[in-house]
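New to this one? Here is a quick tour, best read with the 3D view open beside the text.

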Amino acid sequence: MSNSIKTSTSKKRLTFKVVAGFTLIELMVGVAMMGIIAAIALPNLGDFLLRMRVDNEVSEMQRLILTTRNTAINMGETTTLCPLVSNACTTNWEGELSVFIDLNDNNQLDANETLVKVKEAIHQSDNLEYSNNDPVTYEATGLISTTNGNFSYCPDHQAQFNRGVTISASGRASVSSDLDGDEVDEFIGNPPTSIICAI
């Protein structure tokens, strides 16, 4: 009886796990492979991040226009979207943009008027242009009081990623898309119009 107990105990003592790590060669091969993958992926990652930034800005611009229109309809008051400097509308669309109820339709945020929403300035190397010199102003009916127009968003010297938002005569805002299959967005039209920034 005692012999069998000793044997089983000795067997347990001899049983142990071998934990193996990486050798130096395996580690070097792994690092080299990571370097190769990074060299291939980084240029594509830069394009992906740029496309994401443009998509986010264009979507936010469309939402801002929608907010302006909905505010005009819901409040029954003229509502304006424009870049404000000293509470007066300017044409610097690359700066901070504001939506406000413009009771006297003078393109200024007066003391008795309500600031509805503010959008921060776009990335400093990008361009945002509006085809009209006037602010975007909606009447209580939901129609724009100025002519329809296009917002063009152009990232830093990367024309293939240009996108835009069109405001129709009815006041609706629609985002540009690739209409002719060349993987570059165009404004809706017959024929479709390329999205170009002057600067």
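## The core

Keep in mind that this is a predicted model. Its largest nonpolar core is made of 25 residues, and the ones with the most contacts inside it are Leu81, Trp93, Leu128, Val136, Phe151 and Ile167. Quite a few elements chip in: at least two core residues come from each of α2, β1 (79-85), β3 (97-101), β5, β6 (136-138), β7 and β8. The top contributor is α2, which gives six residues to this core.

## The sheet

Now for the strands. An open sheet is built from four of them, lined up in the order β5-β7-β8-β9, with antiparallel pairing. At the edges sit β5 (127-130) and β9 (173-175), each of which pairs on one side only. On average, neighbouring strands in this sheet are turned by 15 degrees against each other, if you ignore direction.

What holds such strands side by side? Strands of a sheet pair through backbone hydrogen bonds, and they can do so in a parallel or an antiparallel way.

## A closer look at β7

Let's zoom in on β7, which covers residues 149-154. Is this strand mostly covered or mostly open? Mostly covered: five of its six residues are buried.

To one partner, β5, the strand β7 is joined by four bridges, and the two run antiparallel. Here asparagine 127 has cysteine 154 of β7 as its bridge partner. With β8 (residues 163-167), β7 also pairs in the antiparallel sense, this time over five bridges. You can pick out individual pairs here: asparagine 150 is matched with threonine 166 in β8, while phenylalanine 151 has valine 165 in β8 as its bridge partner. Phe151 may ring a bell, since it was listed among the core residues with the most contacts.

## A nonpolar patch on the surface

Not everything nonpolar is tucked away in that core. Phe22, Leu24, Leu27, Met28 and Val31 make a nonpolar patch on the surface, with an area of about 610 Å².

Where should you look for phenylalanine 22? Try the loop between α1 (2-14) and α2 (24-75). Why does phenylalanine 22 count as exposed? Because its relative accessible area is 72%, and the cut-off for exposed is over 50%. As for α2, this helix also turned up earlier, as the element that gives the most to the core.

Notes. Residues numbered from 1 in each chain as written. Predicted model: local features only at pLDDT ≥ 70, side-chain atom pairs only at ≥ 80, totals over all residues. Heavy atoms only, no water. Pairing = 2+ DSSP bridges. Axes fitted to C-alpha atoms, helices over the stretch in contact; angles between N-to-C directions. Patch = residues over 30% accessible without salt bridge, like charges linked within 9 Å, V, L, I, M, F, W, Y side chains within 5 Å. Areas by Shrake-Rupley, 256 points an atom, 1.4 Å probe, with all protein chains shown as cover. Salt bridge = Lys/Arg side-chain N within 4 Å of Asp/Glu carboxyl O. Buried < 20%, exposed > 50% of the residue type's maximum accessible area, 1.4 Å probe, protein only. Core = buried A, V, L, I, M, F, W, Y, C linked by side-chain atoms within 4.5 Å.
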